[in-house]
Amino acid sequence: MKSLLIKDTTLEERKEIVQNALSFGAGDCDGQDLSDLYDDYILGLRELTDINREFSEKHAGEVVAGELTKPSTCSY
């Protein structure tokens with residue numbers, strides 16, 4: 001598999017990577033337009049791993065005293 005790092009991809013390749021990933025299974029995500037989420041990657045400003053980590057930290061449930069808070073309804 002080819003590297004997805006910004007340094008190893010062109011703008012057009014990054015657009016295609018994001019489009020393919022979103023069409024693979026990303027559905028409704030609490031009203032968030034996921035294509036906008038990846039603009040920084042497409043433009044070469046932030047790596048996918050950084051964007052995905054930030055999103056996960058913000059939207060994943062939290063474990064508090066053995067209870068899981070309601071996680072995001074995002075399908076990805």
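These legends accompany several close-up views of a predicted model.

**View 1. The whole chain, from its helices to its strands.**
Let's begin with the overall layout. The protein chain holds four helices and two strands. Starting at the N terminus, the order of elements is α-α-α-α-β-β. The chain has 76 residues, and 20% of them are buried. About 5,500 Å² of the protein chain is exposed, with carbon and sulfur atoms supplying 55% of that area. Contacts also link distant parts of the sequence: of those between residues at least 6 apart, 51% join residues at least 24 apart.

**View 2. The largest nonpolar core, with ten residues.**
Which residues make up the largest nonpolar core? Its members are I6, V18, L22, L37, Y38, Y41, I42, L48, I51 and F55. Helices α1 (11-25), α3 and α4 each bring at least two residues to this core. The top contributor is α4, which gives three residues. As a general background, nonpolar side chains in soluble globular proteins tend to be buried together.

**View 3. V18 and its contacts.**
Here we look at one member of the core, V18. Which residues does V18 touch, once neighbours within four places in sequence are left aside? They are Y38, Y41 and I42. These three partners of V18 also belong to the largest nonpolar core.

**View 4. A nonpolar patch at the surface.**
Now we turn to the outside of the model. L11, L43 and L45 together make a nonpolar surface patch of about 310 Å². Where does L43 sit? This leucine lies in the loop between α3 (39-42) and α4 (48-59). Is L43 buried or exposed? L43 counts as exposed because its relative accessible area is 57%, and the cut-off for exposed is over 50%.

**View 5. The salt bridge between K7 and D8.**
The model has six salt bridges in total, and one of them joins the side chains of K7 and D8. The N to O distance in this pair is 3.6 Å. How accessible are the two partners? K7 is exposed, at 68% relative accessibility, whereas D8 is partly exposed, with a relative accessible area of 30%.

**View 6. The salt bridge between D50 and R53 in helix α4.**
D50 and R53 form a salt bridge whose closest N and O atoms are 3.1 Å apart. How far apart are D50 and R53 along helix α4? These residues are three places apart in the helix, so about one helical turn separates them. Both partners are partly exposed: the relative accessible area is 33% for D50 and 45% for R53. Elsewhere, salt bridges with shared partners link D40, R46 and E54 into one network.

**View 7. R46 and D40, two members of the network.**
This last view takes a closer look at a pair from that network. R46 and D40 form a salt bridge, with 3.6 Å between the closest N and O atoms. R46 is partly exposed, at a relative accessible area of 25%. D40 is partly exposed as well, with a value of 27%.

Key
Residues are numbered from 1 along each chain as its sequence is written. This is a predicted model: local features need pLDDT of at least 70, side-chain atom pairs count only at pLDDT 80 or more; totals for chains, interfaces and linings use all residues. Side-chain values use heavy atoms; hydrogens and water are left out. Patches are made of residues with over 30% relative accessible area and no salt bridge: like charges are joined within 9 Å, nonpolar side chains (Val, Leu, Ile, Met, Phe, Trp, Tyr) within 5 Å. Accessible areas come from the Shrake-Rupley method with a 1.4 Å probe; for residues, only the protein chains shown count as cover. A salt bridge is a side-chain nitrogen of Lys or Arg within 4 Å of a carboxyl oxygen of Asp or Glu. Buried means under 20% relative accessible area, exposed over 50%, partly exposed in between (1.4 Å probe, protein chains only). Contact means heavy atoms within 4.5 Å. A nonpolar core is a set of buried Ala, Val, Leu, Ile, Met, Phe, Trp, Tyr and Cys residues joined through side-chain atoms within 4.5 Å.
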